[in-house]
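This report describes one protein model, beginning with a helix and moving on to the sheet and the core. The reader is invited to follow each part in the structure shown here.

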Amino acid sequence: MKYSTTVSSSRRKSRKAHFTSHSEARRTLMSANLSKELQARHGVRSMPIRKDDEVIITRGTYKTREGKVLACFRKKFAVHVERITREKANGAVVQVGIPASSLTITKLKMDKDRKAALDRKNRNKGKGDDVAMSNVD
């Protein structure tokens, strides 16, 4: 059922908007859920994924595998996770692209911009003060 008259519910227009979106829009499209522990600590459900976050794969062939994010390819909507590789027919080893929606973030790489984003997104404004900057690199 359509709730807003200003937004199209057309599949064709939705797909066009998704696949022709610019890089900054793709950043938000490539968000991943936080683990239950991080959700409780920060009061935020999901965050855009970035390099050096630690993730666990929740869907697909590589389910339950963990690792650090090596790269995020916004153009391909893919994330490369360390130790998630496959061997090509010619023997070369290549990284496997994982969709961001198939990941759960278990450890955030904290810096001042990420901290600001968490504070901005946090709906429980009272709990935002006890988040320490202990993970800042």
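## Helix H4 and its surroundings

On one side of H4, Lys112, Asp113 and Arg120 are exposed (over 50% relative accessible area, 1.4 Å probe, protein chains only). The model is predicted: local features need pLDDT of at least 70 and side-chain atom pairs count only at pLDDT 80 or more, whereas totals for chains, interfaces and linings use all residues. Residues are numbered from 1 along each chain as its sequence is written, and side-chain values use heavy atoms, leaving out hydrogens and water.

Helix H4 spans residues 112–121, and within it Arg114, Lys115, Ala117 and Leu118 are buried (under 20% relative accessible area). These four lie on the same side of H4, because they cover an arc of only 160° around the axis, taken from the directions from the helix axis to the C-beta atoms. Helices (H or I, at least four residues) and strands (E, at least two) are DSSP runs, numbered from the N terminus. The buried residues of H4 pack against helix H3 (36–42), strand E2 (46–48) and strand E7 (103–107).

## The sheet

Seven strands form an open sheet with mixed pairing, in the order E2-E1-E7-E3-E4-E5-E6; two strands pair if DSSP finds at least two bridges between them. E2 and E6 are the edge strands, each pairing on one side only. E1 and E7 pair in the parallel sense over 2 bridges, and threonine 104 in E7 is the bridge partner of asparagine 33.

## The core and a buried aspartate

The largest nonpolar core (buried Ala, Val, Leu, Ile, Met, Phe, Trp, Tyr and Cys residues joined through side-chain atoms within 4.5 Å) has 23 residues. Among those with the most contacts inside this core are Leu34, Met47 and Ile49. E5 gives the most to this core, with 3 residues.

Where does aspartate 53 lie? Aspartate 53 is in the loop between E2 and E3, and is buried, with a relative accessible area of 0%. Its side chain makes a polar contact with the side chain of arginine 114 at 2.9 Å; such a contact is a pair of N or O atoms within 3.5 Å, one able to donate a hydrogen and the other to accept it, and residues adjacent in sequence count only if both atoms are side-chain atoms.

The table gives some contacts (heavy atoms within 4.5 Å) of two residues, leaving aside neighbours within four places in sequence.

| Residue | Contacts, including |
|---|---|
| Isoleucine 49 | Val69, Ile105 and Arg114, within 4.5 Å |
| Aspartate 53 | Val69, Ile105 and Arg114, within 4.5 Å |
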